[in-house]
Amino acid sequence: MTSAIIGLGNIATVHASVLNKLGIEVVEVCDVDLEKAKSFINEYNLKANIYLDYKELIKNTKADVIHITTPHYLHKDMIVECLKQNKNVLCEKPMCISKKEIEEIKATLKTSKGKLGICHQNRYNHASQVLKKFLEDKKVKYATASLEWGRGEKYYLNSNWRGKKKTEGGSLLINQAYHTLDLLQWLNGFPQSLVGRVENLTHKGIINTEDIAMIKFFGDVDFGFSGSNMGAYDFPFSISILLDDKKVVRMIGNSLFIDGEQVELSENSICYGKPCYGSGHESLIADFYSCVKENKNFSIDVFEGEKVLKMILATYKSKGKKVRI
Ligand SMILES: NC(=O)c1ccc[n+]([C@@H]2O[C@H](COP(=O)([O-])OP(=O)(O)OC[C@H]3O[C@@H](n4cnc5c(N)ncnc54)[C@H](O)[C@@H]3O)[C@@H](O)[C@H]2O)c1
């Protein structure tokens with residue numbers, strides 16, 4: 001099978017490494033920066049055509065799957081363009097940055113022969129898979145998650161799209177905490193409402209988006225989240241789950257503890273990028289290609305992609321008041 005990649009920055013290197021491992025040839029790449037595109041194909045030893053205009057790539061490519069690894073604000077237009085041309089598209093998270101954009105993607109999917117997959121790779125971490133299975137016959141009373149990562153001034157100054165509502169859509173929640181919030185709802189059920197607050201405590205004058213958040217979600221199982229981007233290190237996220245029988249289950253990054261005992265995991269998948277990305281990209285990408293090949297539904301589709309986004313967008317609206325999601 002063959003692939004094309006649009007947007008050749010940080011995460012595209014993870015996609016290229018995984019595709020190489022899976023023996024999937026990258027036949028086209030696109031970036032607005034020609035020099036970046038040239039050094040990308042050199043680094044990964046690709047015999048790929050370079051495009052500067054993503055619409056031209058989408059129109060001309062024969063690749064089985066187009067990977068979108070561009071800044072958040074471009075995702076919707078690029079997904080819609082791929083789907084209109086009946087192309088299969090695997091997009092990095094988040095799928096898009098507003099409810100209106102979610103609806104536009106859904107409407108386009110109705111008449112497209114293309115498949116859409118979203119990169120929620122932390123669902124493929126071994127600990128996440130084991131925990132999901134473990135919870136199948138358990139009753140959960142409450143759950144909570146926390147995350148403290150570090151995104152300093154340099155990180156934002158080196159990027160023209162991060163830290164701005166218009167181009168990133170937010171910061172902590174829609175970028176760094178995104179996977180943790182997705183795991184919370186995937187493990188505990190989609191909540192109906194929430195009360196939350198976001199603030200910019202330590203990045204004033206650097207970004208106009210949030211670096212801290214506190215949220216309580218209400219649903220069949222209530223759960224909480226607290227997180228920040230103001231640390232000096234990306235500590236592994238943690239999710240703690242209180243069961244009806246008072247046992248506590250904890251997932252800390254890719255480690256799992258049930259009632260204080262560490263569960264032995266036979267994890268041998270590779271983390272291709274920063275440790276905080278986890279090691280799920282390879283299994284997710286392999287799964288998407290096998291769904292395309294066998295014409296099966298891919299599990300993290302538009303309906304799964306929209307769940308965490310709706311939780312995040314509702315939190316931005318909440319401002320300390322209870323809101324429906
Ligand atoms: N799944 C994960 O854990 C994970 C981790 C990191 C990043 N991401 C996501 O990946 C996406 C990209 O993040 P990144 O850190 O690689 O960003 P980045 O800024 O490093 O890379 C983005 C690339 O897109 C290119 N680009 C911009 N406009 C373009 C256009 N119109 N056409 C083609 N290329 C264009 C830029 O030149 C740049 O090379 C984001 O959505 C981010 O949230 C996901």
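**Notebook: helix H4, the sheet and the two domains**

I began with H4: its buried residues pack against E1, helix H3 (54-60), E4, E5, H5 and E6. This is a predicted model, so I keep that in mind throughout.

Next I listed which residues of H4 are buried, and got His75, Lys76, Met78, Ile79, Glu81, Cys82 and Leu83. That makes 7 of the 10 residues of H4, so the helix is largely enclosed by the rest of the structure. I also looked just past the end of H4, where Asn86 takes a positive phi of about 60°.

**Thr70**

I moved back along the chain to Thr70, which I found in the loop between E4 and helix H4 (75-84). Is Thr70 buried or exposed? I counted 24 C-beta neighbours inside 10 Å, and the cut-off for buried is 20 or more, so Thr70 counts as buried.

What does Thr70 touch, leaving aside its neighbours within four places in sequence? I noted Ile6, Gly7, His75 and Met78 as its contacts. Two of these, His75 and Met78, I already had down as buried residues of H4. I then checked Thr70 against Asn10: they are 60 residues apart along the chain, and their C-alpha atoms are separated by 9.6 Å.

**The ligand**

Asn10 came up again when I looked at the ligand. Of the 25 residues around the ligand, those that come nearest are Gly7, Gly9, Asn10, Ile11 and Glu92. Gly7 is also on my contact list for Thr70. Which element gives the largest share of the shell? I found helix H1 (residues 10-22), with 3 residues. By class, I sorted the shell into 11 nonpolar, 9 polar and 5 charged residues.

**The sheet**

I traced the strands and got an open sheet of 6, in the order E3-E2-E1-E4-E5-E6, with parallel pairing. Strand E3 (49-51) and strand E6 (116-119) stand at the edges; each has a single partner strand, so one side of each is left without a neighbour in the sheet. Direction ignored, I get an average turn of 20° between neighbouring strands of this sheet.

I then looked at what packs on the sheet. Helix H11 (residues 281-293) does, and it touches strand E4 (65-68), strand E5 (88-92) and E6. The direction of H11 makes about 145° with that of E4.

For the strand pairs, I started with E1 (residues 2-6) and E2 (residues 25-30), which pair in the parallel sense over 5 bridges. Thr2 has Glu25 as its bridge partner in E2. E5 and E6 also run parallel, joined by 4 bridges; there I noted Ile118 in E6 as the bridge partner of Cys91.

Which way do the residues of E6 point? Leu116 and Ile118 go one way, Gly117 and Cys119 the other, and I find all of them buried.

**The two domains**

From the domain assignment I took domain 1 (2-121) and domain 2 (124-266 + 302-324). Their C-alpha centres lie 26 Å apart. I count 16 residues from domain 1 and 16 residues from domain 2 in the contact.

On the side of domain 1 that touches domain 2, the elements giving two or more residues are helix H5 (99-110) and E6. The largest share, 5 residues, is from H5. By class I put this side down as 10 nonpolar, 3 polar and 3 charged residues. H5 and E6 also stood in my opening entry, among the elements that the buried residues of H4 pack against.

Technical notes:
Residues numbered from 1 in each chain as written. Predicted model: local features only at pLDDT ≥ 70, side-chain atom pairs only at ≥ 80, totals over all residues. Near = placed C-beta within 6 Å. Nonpolar A, V, L, I, M, F, W, Y, C, P; charged D, E, K, R; others polar. Pairing = 2+ DSSP bridges. Axes fitted to C-alpha atoms, helices over the stretch in contact; angles between N-to-C directions. Contact = placed C-beta atoms within 7 Å. Domains from an automatic or database assignment. Buried ≥ 20, exposed ≤ 12 C-beta atoms within 10 Å, placed from the backbone.
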